[in-house]
Each structure stands twice: as C-alpha cells, then as structure tokens.
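Here is a walk through a two-chain structure, one feature at a time. Keep the viewer open and follow along as the headings go by.

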Amino acid sequence: MKRLLYILFASSLMLTTACESKLDIDEHGVLPTDKFYSNDAEIESANLSLYYQLRSMEYTFMIEQQLLSDNFWAGGGVRGDNPILEKTNEFTFDGENDYINSIFSNLYRLNFYANTILEKVSEENASAVARRARAEAKAFIGYAYFYLTAYWGTPPLIDHCLSADEYWQPNCDQATLWAYCEKNLTEAINSGDLVEKTDLHDNETWRITKQTAQAILGKVYMWQGRYSEAAAQFEAVRKSNKYALFTEDDYGNMNMMAHKHNVESMLEVNRSYDTANPGYSFTLTFCTTNWRVDKMNGHLAWGINYLGWGFMGPQKGLYDAFVARDGDNDYRRKQTLKSFDELAEMGIHINDGEDIPSDGVFMWKTRSLSESLINSPFADARNIRYMRYTEVLFCDAECLLQSGDKATALSIVNEIRARSFLPALTDLTMDDIKIEKRLECVDDWTRFMDLVRWGDAYEVLKDQGAYMPFCNYKGVVTHRTFNNDPSQFGFKKGKHELLPFPSSEIRTNPNIKQNPGY
Amino acid sequence: MLGITVIMAQTSVKGTVTDNNGEPMIGVSVLEKGTANGVITDLDGNFALRVNRGSILVFSYVGYVTQELKASANMKVTLKEDSKSLEELVVIGYGVQKKSDLTGAISQVKSEDINNRTITDATQALQGKTAGVVVSNTSAKPGATGTIRIRGISSNYDSGPLYVVDGSIMEDISGIDPNNIESMEVLKDGASAAIYGARAGNGVVLITTKKGKGDGKVSYDFQFSSQHIGHRPRLMNAKEYMQYYLEDGRFTQEKYDKDYDGFSNTDWFDVTFENSVMTHHNVSFQSGSDKGTTFVSLSYQSNDGTLKGDMDKFSRLSGMVNITRKFKPWLEITSNNQITKTNMVTFSDNYEYGNNPILSCMQLDPLTAATYPASNLPANMRAILEDPSKGELLSDGNGNYYGVSSFMLNSTINPLITSHIGREAIRSFSVVGSTAINLPPFKGFVFTSRLGYQLRNTETYGYTNDYYVNSNAYSNWLEATASESSPKFWQWENFANYATAIGDHSISGTIGTSYNESRTFSMSGAYSGNETTIGFKYDNPDFYYWAYATGGADKTLSGGEPIYTRTLSYFGRLNWSYANRYLLQVTLRADAADTSVLPANKRWGYFPAVSVGWTLSNEPFFKRLNWSNVNQIKVRASWGQNGSTASLMGRRYQYASVMSSNGSYPISTSTVAYGTSYVPTSTGNNNLKWETSEQFNVGLDFRFFDSRLSATFDYFDKKTKDLIVTGVTPSNTIGVTVSPMNAGDVDNKGFEFELGWQDNIGDFHYSVNANIATLKNKVTYVEESLGKIDGATYHQLGTITRFEKDHPAWYFYGYKFKGVDPNTGNAVFEDTNGDGAVTNDDKTEIGSGIPTYTYGITVEADYKGFDLRVFGSGQGGNQIWCLLDRSDYAVNKMADFVENRWSSSNTGGTSPRAGASNYAEYMLSSDRVYSGAFFKIKQIQLGYTLPSSLTRRIKIDRLRIYGSLDDFFTFTNYIGFDPEISGTGTSMGVDRGSYPNTKKVVLGLNVTF
C-alpha cells in the first residue's frame, strides 16, 4: 500500500515537471519582427503604414489648423460644445490640448514608421518595391519634420528607432531640422524611385509622387525665406504638366466624392465606397462641417448630411474679404460660402426660435453631403486631401514675386482667378497674394501657418476670443462674451507663433524645454 | 484481561449536553475513555450509558472543544465552541495551523459576521471586520463586486488579492452565497502569503465554505429588504439654474421665454430612483460525524435595484454540495462543489460622458419635465416627432413622451430614455469546485491530490432601440449584440503534509506542486441597422434577435479563438516549534508563468519567506510570575516575498514586439481594393519579470482575563519592487507603444490593532470587537526613462492622476485653488513653481484617494433570546475628487458649487463666476477636492430567538426573527451621493457619478429543524 503511495506521489511530481513545455504558448495572428521585411509583399505592407498613418491623423490635423486661423469659428450647437476647439480658436490653449498633442504624436508616429522602413529594409535590397518604400519613407520624414519644425520650432530630432535609454531627446535647433528635411526630401526626389502620374488625368496614382515631394521641399525652403530655391521646386511641379487647376465641374464640387485624385490633387488619403466595410472609412471630419443639424432645416433637400455638429463655421471676416475683393456676387465666393439670405432662398433655415454659434455664413466648398456616406454619418467615402495644386501655385507665385519674377507670379495668380471667371489683375503685390491665397485656400489648412510666416498673425488674431457670434433664426447676429480678461485670450506675440509641446512631454522628459509663454 | 473487566464494577450514568446558550446538543459523541463504549446524544441532548466506575467520559462534537469529565450519575455538560478557544484552527493554505502557533499576520472573519447581512458578494464582509483590509467599490449597483485592498496599494493597477476557495484559485467569487461561508482568512503578511508565491503580491483571501456538522440539521434563512437611495446631493432649482446660465451668458431670457414652460422644476432624483426590494432565501441540510460530513445548500438572492425601470437587476440561484467521506482508515475523499446561475441587467456608471443615469440625474436641467403629454410638446420635441429622418421620440406608450432637454445638447439624457433605449442582460452559469483524495498511510503523514475545476459560461444579450434626443445622442437603427464565453479552468495540485513530535520539538512540513490551465473560448457579435435600414424585420422587441435581422443589416463578429493560460508551481513549507515557546516557519514557492505573460527566460519567480514567534507566556519564568490574568503573550516577526503580474491586467504578450496589422488601406480609386498595413506592435521588452512585494511584519498577541480580552498588534512595511508599468508614454517622440516595464517601487507601511472583549453578566452576554489600521503609501522609485507616470484623464482636459516618486500612488494632480479674482470673477491658481505665470507646470498634488486610516467596530449583546448587533466602519485621510460638473454644457450643478459665486453684485464670492474663462481648469482644482472621511453604521440588527421549549413543540430547534437597518446612517462631509463609492485603480477617489449604496430596512428569519 505504502509503496503504491510513494509511486503515486513521485509520479505526480514528475508529471507536473514535464508540463513546463506547456508554458510555451504561441501568439496568434502576428508575425515575428525580425523576419518580417523579407519579401516585396511584406515590405509593401510596411510601406502602407505611412498612408494608413495619414489616414489616422487627418481629423485633428485638419480641424486644429483650420481653427487656429481667422477663417473659422469653433461653432457647435451651444457655447461649450467642444471646449478643445474653442480654446484653440480663442488662443486659450496650453500643453493639455488633446488635439494639438495628437498632431504632435501622430507626426512622430509617421516618422517612426518611416524610420522603421529605413532600418529594416536594406539599402542593398534591389527590388523596385523596396527602393520605393525607402524613397517614400524619406519623403514622409521630410513631410513630418516640415510640420514639426514649423509648428514647434525646436522639436527633438528622431532619426532612428529609439531604444529604452534614448527616450529623452532634447530640443533640436531649427537649422539642423531644416537641413534634415532638405536632406530626406532631396534624397527621395533624386532617388528616381518615387512614382509619377502617367498623365494629367491619371486618377489611379495615389502614392506620394516626385512632384509632391518637390512641393514639400519647396515649402521647406520657403519657410526659411530661401525663395529662389523654393521657386525652383514649385516651378518643377508646375512645369511637369502632371497637375492643373480643376475645371471639370463647379468650383464648389471639387472636394466631393466624384472628384477623387483629380487634376489638382497632390496628396490625399484614399477611401472607398464599400458598403461591406463602412468602418474602413470612419472619420469625424465631415460631421464637423455644416451647421448643427438639430437647429436647422431644409438642408436635406440639398443633399446635405443629416448629421452635422458645425464645429467649423466660417467667420464673417472671411466673407467680407471675398466681398472686398470681387464684390458680393462673384462665382468664387458663391461656390465657397453661402450667406444666411442665400440659404434662406434655398429653403435652408435655422429652426424657429433657435440660435447657433455662427456668423450666419455657411461653408459650401467643403460641405458634407449624404451621397458619399456609407450607411453612417461617420463613414464617408470622400478622400481627404492633404495638399492641392492651387496651394502649390500660390507658394510658387509668392516665391517668384519675392525673388523678382513678378510677371510669372502675376500670370499664375491670374490663371487661378480666370478659373473662377474673375478679371485679371494688372499688378501683383504680396498683399494680393495674401488675399487671393486666403480666398482660394480656405480648404487647404494653411492659413494660420501663412499668417505666422508673413508676420501678420498678431494683428489678425490678437482679439480672437473676445466674443463668440450667435446667429438666430432671423439671421440676426449678436456677439456674446465668454472671456473677459484680455490677457487670457487672443494671439500673443512671442508665444503663439509656436505651439506648445504636450504637457506630458514636459512632465516626463527632463531634456526638453517648453516653448516660450506656455 | 477478560477477568479484570468482569471484576470492575459497572455503573449507570446519564446526563444532558448543552451548548453555550444552554441549547441541547444533538449527536454529541460520548465515549468512555480508552474503550469503544459510547453513545450519541438524542434530540434533547440526553444520553445514558453504563460505564466502569471511576472512568472518564470524552464528549466530542465537530467544531466544539472536546471535554473529558469523570463519569457521575447526573451529568450536566456544556460544550464550548471551538472558535472561542486558543486551539482554534486557522486555514493557512495547503494545511491548517493552530492559532497559537501562527507566526504571521492572519485575520479571520467567521460566519457570524457574514451571515444575515444584506451583502451579495462575500468580499464585502471583510470591510470593517479586519484591520488593514479596505473594500473599495466603483459601484454599488446590483451584482457589482468590490475591490479588496490588503495593506494598501501595491500593484500598479489591479491591486486585488488572490482568492482561494476550498483550495481552488478563483478570480471570481461572486457565485458564492455569503451564508454558505464558514470562514475567510486574510493572509496579510508576506510570509503567510508566500505559500501562494507569484500570485500573492496583493495578499491572499482563503475562503472556506461550510461543512456538515451535527446529526442532521435543516436550516432555512430568509431575508427581505426594502431599499432606497440615501443622501441626495443638493442641486440648483429651476430658478437658480436660469439665473446661473443668464450670468454665464450661455442662455438669454428670450431662450427661456421660448423653451421653458414656466413652471417645471424637475427633481430628477424622483424621476430616476424608486424604492425597491431585495430578497434572500437559503436552505441548508447538514450532518457530520467522524466518518464524514455532508453539507447541501440551495439559495436564491435577488436585488431589483433602485433605478426605475429594469436597468439594474441581479439574481443568483446557487447550490452547494460539500462532502467528506472516510472510506478506509487510509483513504478520505473530500469534494466541495457549487453550481451557480446568475442573471444580471446592468448599465454603465462611474462614467463621465453623458448616458449614465447616476450622473444624468445630477446634471439634467430642472427646466425640462420628465414627460410631456403629446398634446403639449415643446418645440424641440415636436421637431423630432415630425421629422421622419430622425430616430424615434420615445414615449411611455400612454401618449406621454419622455422629456428631451433643449438646454443641453449632449448625451446627458433623461434617465427614462436611458432605461428604454436598450438593455444588456448577462446570464451566467458555473460549476466550480474541488475534489481531493487524502491518503494518510502512516501517522502524521497525509498525501493529498486535489483537482480544482471551474466550468463557466456567460452569455450576454443586449439591444439598442432607435431613438433621438439630439445629434450627439441618437440612433436611427436597431442593434442586437450577443456574446458567449466559456472559460474552463482546472488546477491539479499534489502535496504532502507531515507532522511529528520528538520530545518538545514539533516539526511539520508541506511539499507539493501545482499546475493550472485555463482555456477560454468566446464569440461576440452584433447585428445592426444603419442610416438606410433599421436592421430588423420589425421594430418590436420580439424581433430584436439576430435571427430576425434583415439582409442589409451590418454584422460584426469577433472571437472564435481559444485563449490559454497556464501556470506551474512548486512549494514547500517547514514548521518547527519547541516547547510551545519558540516557533519557526520557512516557506519557498517557485512559480512559472506561460509565454503569454512573461518571456520564457524570465518566467520563473522564486518567493521565499521566514517567520518566527516566541510565546513568552509559555516560558517557565513567566509561569512562575503567576499572573493569572495573563493567558497569552506572543511576539511574532516575519519576512517574505510575493509576486504579481496583475498590472498586466490580463493583456497578453505585452512584452513581445511583433508585426501586427493596424488596418486596411484602399489602393485604388476606381475599384474597391485594399492593402494591409503592418506595423511593429510595441518596443518589446524581453526583460519583463515578476513584480515582487517584500514585506516585513512584527506582531504581538495578548490574551487576558480567561481570554475574555484579546488584542493583536501588527506593524508592517511592504515594499513592492519591479512594479510592472503598462501603457506609459515616456515620450511622444518614440512613435510606438512602449512595452510594459518593471519600473517602479511602492512602499506601504502601517500599524494594525485589533481588540476584542467578551463577557457575561448573568444571562447577559456581550462582546465588543474593534480594529483600526493606518497606512502610509508612497512611491519610492520610478524608472529613470519614465520619470513620472500619467494615470487617469478626465474628459479631454488632460491627466488628473499621477504616479511619481515621493508621492502617494495615483495622487490627484491639479491646480491649487487660491481664490477668485475680484475683478474678473475667474479662478486664481497658485503659481507653485514660482515662475510668475500659471501654466500646466503649476499642477501639483492636491489630494489622494488612499485612506490613511480605516477602522471598524462590532458590538454584540444577547439576553434571554434577544440579540443585538451593531456594526460600523469608517475611514479617513483620503480625499474624493468630485468630478460631477461640466464646463462644456449647461449642466445643473451642486448647490455647494455655486451658492457663493462671484457676480457683479457679489464680487467677494468665493467660487468663480458662472462661465468663468478658466472654469474647466477650476473643475480640476483643489476646490473640488473633498475629504473622503466617513463613518457608516452598516448594520443595526435586533433579533429574537423564540424559547426552544415553545418551538420544540412544532419540531423546530431554533427560530429566530430579526429586523435590521443596513447602511442606514452615514457621517460624512462629502457632498456627493456616497463617500464609500468612487473610482479605483488609477482613478482611485475620483467620483464620476457612481451608483451609491442604498439604505436598507431588513426583516429576516432563521429557522433550524
């Protein structure tokens, strides 16, 4: 009996010992990192992460840049509807602004994916896919660092995937950063590995092209005031004959679903009208435009999205700028903005007795339509356009003007005006460029950047936040005050030229210095 | 020999055996010492026996102290319950130990403190009953379970202890009816817990369920409770609300004239809550002898929560079958099993965004009525009703529509709408238990092979109606979600216990192995309509099932993958005691985690412990002092290490850097075609290892005056090292998720004091038990590459709790409120870093959710059938961050927030003006941090046991009726619902609107046949 027990005891110990191999449990649904970049298909999958990252970051990237400008109000249904956007719009934000912080992290994430490709895909790999992936990675590093440098001034330079002992990188001086942008973009452009459109009407080429990289490089030069070098890049784009001004449909329709990758598109994020996978097209971007639908009626007849939060309402100052330029009745203004009265004629009204935080102006050029919604107001098949040829032309005109070629600059601006049946200008000054670019590039997210670059931001934005306009159902606009301490709102010199580093970065990283004033 | 027996004169003895309370005891074994001659007492406790003159009789009964008395003619024997004796046994994990031999800090809660309470979850019984155990709840909704913290916050996120039920490790003990628990032992010090090694870092709670006792006993317990919501926070009324938002600038008088009916002044508490009922039935059958024991029980508990409608419901039907049986002198089988079925309907609370009725009832404007008749709808509701493109305007079916506010355009919605939008029901079924074979081949040695098993199944089913409130809260379609999950867990343990005595040396040892595996297979999915199709064939709850979805409905499905987790362990323990004076215990456990938790080269963790004790009162010199009032003095000291990976929160393969798809990207304009984007999941950390808690404990035990007075004193210092930190961002520039790291140390130390007194004055018996514990929690190290770790966030206003060296874990991080600027009415904050400007950098520690002291007191008294029990518990030194406000929408506010606000006519106001420019920062300032101290009388129970002479006539042994007030009186300065309920984990002490404890009026009945 006893012997049996001992055998039982001993064997049970051995049984459990033998189990240690059972502790090795393989993870499902993943691939090992070291062996991953071994063939073209896998390299292409890693390459796609760059585009997927652009797709993931579009909403905050777009709306923050728009609301930092004098073109838009934070809007919404009531005061307080989106405090982050109100703070952005009124320059009361700090390093806890989630949206600004997300742009910062997202640009660094884009940089990380690009660095990963450069580290894992060997330079010796001769396959076309591998070479293109490396070239695109460099182009996107240039893209990410253009925005990081322009917005944050001295962000850390992260030129490889960091190991644990390298997490706390210090601020980097601007000259080094600009040189880093130039180096990456130049290498990408000169590699010969970036794609180009087959012809002007090629709407299937969706990857970053050589011309797009040239345009980004041009902006890098332009930001540094190196106008002739910048103009050379922009001229190269213009003379490639792969891009043109959009004239296939009404001006106000160029952003709609039917015109993906049209002649003006330099860089955009793809979406598909795919009813099987509406989730692939999730975005908040299009719900934020229009007006707050709870408080309006008559819009459905115009195909306008039945959901709208109205977080990006045009300012009267923008409307007035159109009127001051070309009168109250021109095609370009009407295709860009609608007035309260024009909407009333169309049968679109604010509900009786209601008011909304708005100047009573409606953004038409980026209006959100139901036609592209995929079973949900949050799934929209429209592409998101990151860069447009018109913007490149304005950059070109500005740099040409600044470097002495006024004639070409004037012809470029007049070409753009002619598209909207506007009379040609006879002379061109920087002020003309500033005004024309503001009116044409309402949907290009560049206004705040331009104001800072031109040194105009303080004058234009110093009082933004003093009031919020409320437009009632009769179209009467009243101004209400929410910030009563002028030292606490509006663009401040020496501070708002740069955005704040995220508070979390300041808290954790002892080597980084916050930008002045934050 | 035969001759001698014949010579010895025999005599007849008889007598009665009663218990402490004078109740006759049935089935007591009466044995003539040294012989096989014996009987068992009858129904009335009587026995009669012929014995040799002058012989000794041995009276024994399971759970009572065995007595030896000289045989006499008419004996009156009183057996004392074992629990009151020094020789009480304490469950210590893979064995039991005499309480007098303990060298660690182990607290015990016995069935008297668990039974007849209104708790549904056994863990709640620990609160206030043992020093150093804090039960914190994020919610007191029906079916919610608490989080237990033993000796502070040690692990990073999940600081819950390990539960071991009858030897079987369990993560979920909510299936056990508290009335079926015999005792709970809390292994508080590191050395006691060390036998559970890698899982014991946050302490261990051993639960022993009831075993059969006596000679056939049938009991029925019944409890009926009527409950209602306790403290209602004071809010602004309609007039105050209107004035506030006029000052704020958000609304104009014109808006009120248009949208306010002029008389509504809705009390949303009345709309949200109602009185409701809890019931509890428990029937048990038991018997026990030295051949074996049987305990069978069936119980049913139901709680229809206090929210109106069917949003909060819980019911549990559970059965328990516990059997031990000796088949041979060398073979015993024990089997403990529970079968449980629970049904729960629930909703989300402690949630700051909108659709949380607990928060909504505090934030909804009083201008909107709860319901409006169809004939008198406000304009905004008429607009919804008339617009077919919008979802449904919900009504009660009798022509009354649930009120939709035109003042708040967010997802804070009428609780009546919340309760009709949809429902989620969770049904689960489980068979859990353990069956063991015990083989004692020779004296002192027992080999045990024990199989633990848990077969669980949980199904959820829920639907969401189409409805419309505003463009932030609507659905144009229906959705039905369902899931099924069947985790299966088994654990096989083999261990041997050996005990022997050589002279004055007692030596015992335990050695064994443990292996467990869990396999979970689950599937979940949803069918939903979309903006173009409602999704189901009819908009009628009878059709809200997948089977009746339309072809155009959207489908999602996930799961369908088996998930395994395994652990392998070896353990051993050695006890030595000399002359009942010197005690020593040494423990070692080795645990290995599987590769989903830790990398293979770091899987093994070794957890040693040693403890010593000195029973001073057993020293010969002490005995010579002849201090008859001192029964025991014992000094204890222990050191031990325990482990944990709980901070990984069950997420798997966190340490591994692998390539994973993060999405699909369209690669064509003209056709629908996708490419897959692959990215590295994380930085990877192949050095991730067990987090280790190292604890030092010293203790003193005293017993005085015939053990009527007992006192226990402990000091502990618990250092948790290599804390696993997950989800941290050392820098936003890294660009990828950082894998978990062993990156911090936390220190918890404190004193614990337990005091008990019991005595009789004639028939009056009373006892007082009190305990108090202090706690000092401090982060002592954070890995350099992390610096400080951000915790919880609030709305999109940034980080509100942090983990930083020299601060308590997850302290409140915000601005220090200095006052109100008399010129602008805006809040003024302290410039803590003195740089001349108030910026984010000036946020600092403004409170902590960790109580620095906790206490409990239980007073019991009984007199001639009457019994009274008063139990209270409290805590202090902690703060609650009252985050029940919003700056973005026109929410109603607590009166305390606004009563003395700055306005043009009150420029000396102490709260900022309505609509202050920095109101959002103000909400996150020290002005909204309140003391979390409270004392709660959790139970006042008065019972009466009918005289047995009376009940015996109707064949009832014992009949007790009682009434009780549970959770009835709370003493606190906190302005919210309930200071006892707030966030846990990184949100510890943050109140975002949690379901409060209810006040209960209880009637109950205990019957034993």
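## A buried arginine and an exposed asparagine

R151(B) is buried, with a relative accessible area of just 1%. In this predicted model, R151(B) sits in the loop between strand 12 (147-150) and strand 13 (162-165) of chain B. Its backbone is worth a look too: phi of R151(B) is near 55°, a positive value in a residue other than glycine.

N241(A) also has a positive phi without being a glycine, at about 60°. You'll find N241(A) in a loop as well, the one between helix 8 (227-239) and strand 3 (265-269) of chain A. Is N241(A) buried or exposed? N241(A) is exposed, because its relative accessible area is 59%, and the cut-off for exposed is over 50%.

## Two enclosed helices in chain A

Now go to helix 15 (residues 447-454) of chain A. Here 8 of the 8 residues are buried, so the helix is largely enclosed by the rest of the structure. The buried set runs R447(A), F448(A), M449(A), D450(A), L451(A), V452(A), R453(A) and W454(A), so charged residue names turn up on that list, too, such as R447(A) and D450(A). The cover over these residues includes helix 2 (40-67), helix 5, helix 7 (210-223), helix 12 (389-402), helix 14 (430-440) and helix 16 (457-461) of chain A. After helix 15 of chain A comes G455(A), with a positive phi near 75°.

Helix 14 of chain A gets a similar description: 9 of its 11 residues are buried, so it is largely enclosed by the rest of the structure. Among the buried ones are M430(A), D432(A), I433(A), K434(A) and E436(A). The buried residues of helix 14 of chain A pack against helix 9 (316-326), helix 10 (331-336), strand 10 (384-388), helix 12, helix 13 (406-419) and helix 15 of chain A. At the N-terminal end of helix 14 of chain A, T429(A) acts as a cap, with a side-chain oxygen 3.2 Å from the backbone nitrogen of D431(A).

## The nonpolar cores

In soluble globular proteins, nonpolar side chains tend to be buried together. The largest nonpolar core here has 242 residues, and the members touching the most others are Y143(A), W152(A) and Y386(A). Helix 5 (residues 128-152) of chain A is the top contributor to this core, with 17 residues. A separate core of 23 residues lies apart from it, with I119(B), L126(B), I150(B) and V205(B) among its members.

Which residues does Y143(A) contact, once neighbours within four places in sequence are set aside? The list is L54(A), F61(A), L110(A), I216(A), L267(A) and Y386(A).

## Where the chains meet

The contact between the chains draws 106 residues from chain B and 102 residues from chain A. Between them, chain B and chain A bury about 8900 Å², and carbon and sulfur atoms give 55% of that area.

On the polar side, there are 52 residue pairs in polar contact between chain B and chain A, counting pairs with both residues at pLDDT 80 or more. Strand 30 (554-578) of chain B is one of the elements that give two or more residues to the side of chain B touching chain A, and it gives the most, with 9 residues. The two chains also share 6 salt bridges. One salt bridge to pull up is D24(A) with R603(B), where the closest N and O atoms are 2.4 Å apart.

## S486(B) and its neighbours

S486(B) belongs to strand 28 of chain B. S486(B) counts as buried because its relative accessible area is 18%, and the cut-off is under 20%. Leaving out residues up to four places away in sequence, S486(B) touches R456(B), N457(B), R519(B), T520(B) and F521(B). With N457(B) there is also a side-chain to side-chain polar contact of 3.5 Å.

## A run of paired strands in chain B

Strand 49 (residues 853-863) of chain B pairs in the antiparallel sense with strand 41 (residues 764-774) of chain B over 11 bridges. In that pairing, T774(B) has Y853(B) as its bridge partner.

Strand 49 of chain B also pairs with strand 50 (residues 866-876) of chain B, again antiparallel and over 11 bridges. Here Y855(B) stands opposite G874(B). Strands 49 and 50 of chain B make a hairpin with 2 residues between them, and K864(B) in the turn has a positive phi of about 45°.

Note on methods: Residues numbered from 1 in each chain as written. Chains lettered and ligands numbered in written order. Predicted model: local features only at pLDDT ≥ 70, side-chain atom pairs only at ≥ 80, totals over all residues. Heavy atoms only, no water. Pairing = 2+ DSSP bridges. Helix = DSSP H or I, 4+ residues; strand = E, 2+ residues; numbered from the N terminus. Core = buried A, V, L, I, M, F, W, Y, C linked by side-chain atoms within 4.5 Å. Buried < 20%, exposed > 50% of the residue type's maximum accessible area, 1.4 Å probe, protein only. Contact = heavy atoms within 4.5 Å. Buried area = accessible area lost by both parts, 1.4 Å probe. Salt bridge = Lys/Arg side-chain N within 4 Å of Asp/Glu carboxyl O. Polar contact = N/O pair within 3.5 Å; in protein donor to acceptor, adjacent residues only side chain to side chain.
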